[in-house]
Amino acid sequence: MNLGLHRIRRVTYNASLMYNFRMAIAFIGTAFVPYFLHFQLATIPLTLGVVAAGLSDIDDRFTVRILNQFYTYFGFFVAASSVQLLFPHPVFFALGLIAACIVLILLGSLGRRYSTISYGCLVVSVYAMLGVHLFDEWYMQPLLLVIGAIWYGILSTISFLLFPIRPVQVKLAQSYACLGDFLFAKSNLFDVDMTPESYRQSMIDLSMENGKLIALFNDMKTALLTRLKGDRGQKDTRRSLQYYFVAQDIHERADSAHIDYQQLADNFKHSDVLFRFQRILSLQGKACKDLSDNIIKQTPYRHSTRFKHAFENLRLSLKKLPEQYPDDPIWVNALMSLYQNLKAIDGQLRNLEAERAMSMDLSKRQDQQLKDDDLKGWVDIKVRIMQNLTPESVLFRHAIRLSIVLFFAYVFVQLTHDHIQYGYWILLTALFVSQPNFNATKRRLRLRIWGTLLGILIGLLILKFIPSTEGQLIVLILSGILFFELRSKQYAQATAFITILALINFNLDGMGTTAAFPRMIDTLIGCGFAWFGVTFIFPDWKFRRLPHSIRRAFNAQCDYLAEVVLQYRQGRNNGLDYRVKRRTAHNRDAELASLISTLATEPDFDPSQKTAAFDLLCLSHTFLSYIAALGAHREQLFDQEILTLLDSALDDIQGVLLRDEHPDLNSKNMLQTIRQRLSQNNQNDQKALIILQQLSLMFGVLEQLMTLKQNLSNEHNTDASELASL
């Protein structure tokens, strides 16, 4: 019996399996209940209602989850009913389509909840167009769509009540797995055979991994915050909160840079010390991966005994460095600082289970609070909406672009309805493919076409070799499950399975095989409309805002540095202000990385500017890593000379990065002063040495950062003029 309970428990650990089980029950209900009631047509809107509800599902605490579901069902019914009632009146329908699209997308500025529900309403609107002819009564299809959504909502709520903390644990596990990938990427910087090209690529890879990790941290924070609002005493939530803060601290230390890695590889390429640093970083990456697995399985994390041996060997290697490299005391000191930083990460991992047993209410501690970004009232709603009522807003451009695309697609369907069957698949394709930026849309275009073609070929084979209704309903269930399993991982395959589901739905209406070829044609036309929209309607390269993103990144980095400098005066404090400024700096860095990677795919992006943009990205992330290293070692200092130097350095850095002031004589004198202090190599003043080393690294890249920033800004003056004239 115990063995059986253990197996059941292991099954519940697999979040993907449990999610698929929930979707299986949902699709079984929509497929076979109408079958046994001899109301087969109801399967179509019921299944589409489940799909729309699944796409609109939002993780939240119980009371807010119920409220979200009410908003979702109400929105679905209004959207579907509007389609049914306005469908016979093309002019009013077209005007309503434009207005609804703009309003629903702009509602996304109010937050994740409204964005997800609004998108679901848009999907339901197009689904209702596909089935407008199914029933004589106008209310029947909207009602069945909502019933399908309610059926999914019931299953989702039951799953939440059984496993309320599971979504948080999944996000936490994903965060630690991504943190492991970040550590692996960081270890590549200690390659003794590094070339300038490989170093540049390693820095780009590290910056991209950092962006992924920061996005997961943001999702994790949202999931934790809503749980803490609902139940501040929940043990598992408090434990997850502690794990989250440990992950953030590990990230700050792992992202910190105490040295120029390119020069490091050149100076110590004949020493074993770089191999040992790389080895420890790889082991710590593996430890984070293991911890991710432990979180999912809810088993205690056991720190590997290999770390003790690895650190001892590294310590012995570092001990010999002053004798082997007597002319490089600064480099040896920097490596010792890096060693201490990795030891601190090791301590975080080793003591994690001790922290897990903490009984205090973490949510009441000042250094364990989370910043609440939820709406604060009607004034906040007005401010967020107004901030996005401008062409400079990505959300506004997407709303206008998509509404125009759907309008022209609708007009095209009206003009060609005698020649093109099932033309509303064009609108559905355009809706699913259109993304806020050119790069994401272009990628989806290709995957959507291949996925649809594959789905049609497989679907026709299924309809031919599985003629029975029962068999086709089973395939429909499997297709729905696989669509949801793959939609965020393999878009082409997910498209293939939703296409199979659509063909089977059409077959229930007696038009399965005849819908296959029109489905492919409609997909191609819909992709064409999406491509036209993203290329010619508010195209990204007219609003690339690269200089603006660079300024935002540098502003955030200076705020982060100012907070670090303040704590060297007042003492270490891991409170909310510090963590918000640190997170903002990393968010802006991730946004800059995303923007530059997107710009590189645009058709008119100058290759020389592409090189300069990636150089700036590498250097900007390097500068952020220097600040992180300074922050990782922050402690209260009483050396007034060092504190004065920190204040002067902060002012000079802000002048260069924020006010475009050239590094003047004061900055050069400061750099010389710093290097003179470093050359004294006072081993009794390790804190001061770390600070001086980091300031030296920062000032060493300042001029290059400013030059890249000015070059990229000058190249975009023409774009700025065009933007101002709109």
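# Reading patches, pockets and salt bridges

Author: Let's start on the surface: Phe77, Leu85, Trp138, Tyr139, Leu143 and Ile147 make a nonpolar patch of about 530 Å². Helices α4 (62-86) and α7 (140-162) are the elements that give two or more residues to that patch. This is a predicted model, where local features need pLDDT of at least 70 and side-chain atom pairs count only at pLDDT 80 or more, while totals for chains, interfaces and linings use all residues. Residues are numbered from 1 along each chain as its sequence is written, and side-chain values use heavy atoms, with hydrogens and water left out.

Reader: What are patches made of?

Author: They take residues with over 30% relative accessible area and no salt bridge, joining like charges within 9 Å and nonpolar side chains (Val, Leu, Ile, Met, Phe, Trp, Tyr) within 5 Å. Areas come from the Shrake-Rupley method with a 1.4 Å probe, and for residues only the protein chains shown count as cover. Take isoleucine 147, found in helix α7: it counts as partly exposed because its relative accessibility is 40%. Buried means under 20%, exposed over 50%, and partly exposed in between.

Reader: How much space lies in the second largest pocket?

Author: Rolling a probe the size of a water molecule over the atoms shows where empty space is left. On a 1 Å grid over the protein atoms alone, a pocket is an open set of points where a 1.4 Å probe fits, with protein on both sides within 12 Å along at least five of seven lines; lining residues have an atom within 4 Å of a point. Here the second largest pocket holds about 520 Å³. Of its 25 lining residues, Gly75, Val78, Ala79, Leu104 and Cys121 are the closest to the centre.

Reader: Which helix gives the most to that lining?

Author: That's α4, with nine residues. By class, the lining has 20 nonpolar, five polar and no charged residues.

Reader: And how many salt bridges does the structure hold?

Author: Side chains of opposite charge can pair when their charged atoms come close. The cut-off is a side-chain nitrogen of Lys or Arg within 4 Å of a carboxyl oxygen of Asp or Glu. The structure holds 20 of them. In one, lysine 286 meets aspartate 290 at 3.0 Å, N to O.

Reader: Why are lysine 286 and aspartate 290 separated by about one helical turn?

Author: Because they sit four residues apart in helix α12 (residues 273-297). Another bridge joins aspartate 651 to arginine 659, with the closest N and O atoms 3.8 Å apart. There's also a network, in which salt bridges that share partners join Arg22, Asp57, Asp59 and Arg65.

Conventions:
Buried < 20%, exposed > 50% of the residue type's maximum accessible area, 1.4 Å probe, protein only. Points joined across faces, edges and corners; volume = space filled by probe spheres on them. Nonpolar A, V, L, I, M, F, W, Y, C, P; charged D, E, K, R; others polar.
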